[in-house]
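Here is a short tour of a protein model for you to follow with the structure open beside the text. Shall we take a look?

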Amino acid sequence: MAPVNIQNVQKRFGSVNVIHGIDIDIGDGEFVVLVGPSGCGKSTLLRMIAGLEEVSDGEIHIGSREVSNLPARDRDIAMVFQNYALYPHMTVKENMGFALKLKKVSANETAEKVNKAAAILGLDKLLDRFPRQLSGGQRQRVAMGRALVRDPQVFLFDEPLSNLDAKLRVQMRGEIKALHQRIGTTTIYVTHDQVEAMTMADKIVVLHDGVIEQIGAPLELYDRPANLFVAGFIGSPAMNFIRGHIEEGVFRTSKGLTLPLPATANPADLGGRDLIYGIRPEHIRVAENGITGRVELVEGTGSEIYTKLNCMGEDVACLFRERLDIRFGDTVSVAIDPASVHLFDRETGKRI
């Protein structure tokens, strides 16, 4: 195990700068998730940490060593890719032990490490099978086992669950987190899925267009997003954003919809400014004498009801956890929890 320190790292492809001076401190044993939309630079950053891409500027430290210019084989890391990259002509046992074979580790030590990793990952009965005889989840476990036997200082995961179906993704998500809790190796995990980030990470790094938008614990990003991008990206369903301004102690839209302000807001300081009102769908509840809206969409999952309301021309998404008889075209009255309201500056996008 080792901490990872990234200092002012930049990456250029020709004249195009895709990573713009990133600084991240990753503690020994932390599980850190790099999350963001496609093209934000998260996989490029991971590949620079791994030594698969050159660093244009800045430094990367693993433990006490600067590794910015070291080849991948000398960085003491192990990487699990989106595609499993298993050798089809080798058994599970041979795939898992191949890196040790290249290092000329003895056959007895290799077998011991492979058997130990197989037991941790539930592969002990599959060691003599070939990849074609395995399910997608089993293949991903083999890829993880191949990394595990190397006993690296840092694990790197590059969207390892993208090729799995929804149910298996949930299962493997839990297995990767349980593995980390068991062995405690520093882990850097890349995904575009904010649910994966929220459920797995000790710390999340939100990237957008090659810059860091916010770093923090999952609930910190959920409760106190730094800006509109983080607020819209973290949380599912996405946060409602409504444009307007403060007038007579309430938030008012151009169409006349009035919404309650958070207790921390000072109307005198914010009056006249163009603002964006943020409220998560799960922080809206059905209530008498509240804000009324016409139901435009209803999606029930059994445990939840996702609804879109038209409230005086503003689209408002709601997530109700009670069993409600709501149908398209109904009029529903809802209340907003003022303690859960966020206000953003419309010009800068920053949370106020």
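## Before we start

A residue counts as buried when its relative accessible area is under 20%, as exposed when it is over 50%, and as partly exposed in between. Please keep in mind that this is a predicted model.

## The overall picture

The protein contains nine helices and 19 strands. Along the principal axes, its C-alpha atoms fill a box of roughly 75 × 45 × 35 Å. Of the 352 residues in the protein, 49% are buried.

How are the contacts spread along the sequence? Among contacts with a separation of 6 or more, 68% are made by residues 24 or more positions apart.

## Two domains and where they meet

The domain assignment splits the protein into domain 1, residues 4-233, and domain 2, residues 241-345. Their C-alpha centres are 39 Å apart. Eight residues of domain 1 and seven residues of domain 2 take part in the contact. Together the two domains bury about 650 Å², and 63% of that area is on carbon and sulfur atoms.

Which three residues of domain 1 supply more of its buried area against domain 2 than any other three? They are Y222, L228 and A231, with 75% of the area that domain 1 buries there. As for charge pairing and polar links, there are zero salt bridges between the domains, while two residue pairs are in polar contact, both at pLDDT 80 or more. On the side of domain 1 that touches domain 2, the elements giving two or more residues are α7 (218-223) and α8 (228-233). By class, that side of domain 1 has five nonpolar, two polar and one charged residues.

## Helix α2 and its neighbours

Now turn to helix α2, which covers residues 92-102. Its buried residues are V92, N95, M96, G97, A99 and L100. In an α-helix there are 3.6 residues a turn, so residues three or four places apart point the same way. That is a handy pattern to look for as you rotate the view.

What do the buried residues of α2 pack against? Their partners are α3 (107-121) and α4 (136-148). After α2 comes K104, which has a positive phi, near 60°.

## Backbone spots worth a look

Most residues other than glycine have a negative phi, and most peptide bonds are trans. A few places in this model are worth viewing with that in mind.

Start with E159, which is not a glycine yet has a positive phi of about 45°. E159 sits in the loop between β7 (154-158) and α5 (166-183). Is E159 buried or exposed? With the cut-off at under 20%, E159 counts as buried because its relative accessibility is 13%.

M312 is also not a glycine, and its phi is positive, at about 50°. You will find M312 in the loop between β16 (305-311) and β17 (314-320). M312 counts as partly exposed because its relative accessibility is 48%.

Finally, where is the cis peptide bond? This bond joins S236 and P237, with omega at about 0°. P237 belongs to the loop between α8 and β11 (240-247). On the domain map, domain 1 is assigned residues 4-233 and domain 2 residues 241-345, so you can place this cis bond by its residue numbers.

Conventions. Residues are numbered from 1 along each chain as its sequence is written. This is a predicted model: local features need pLDDT of at least 70, side-chain atom pairs count only at pLDDT 80 or more; totals for chains, interfaces and linings use all residues. Side-chain values use heavy atoms; hydrogens and water are left out. Contact means heavy atoms within 4.5 Å. Buried area is the accessible area (1.4 Å probe) that two parts lose on being put together, summed over both. A salt bridge is a side-chain nitrogen of Lys or Arg within 4 Å of a carboxyl oxygen of Asp or Glu. A polar contact is a pair of N or O atoms within 3.5 Å; within protein, one must be able to donate a hydrogen and the other to accept it, and residues adjacent in sequence count only if both atoms are side-chain atoms. Helices (H or I, at least four residues) and strands (E, at least two) are DSSP runs, numbered from the N terminus. Ala, Val, Leu, Ile, Met, Phe, Trp, Tyr, Cys and Pro count as nonpolar, Asp, Glu, Lys and Arg as charged, and the others, Gly among them, as polar. Buried means under 20% relative accessible area, exposed over 50%, partly exposed in between (1.4 Å probe, protein chains only).
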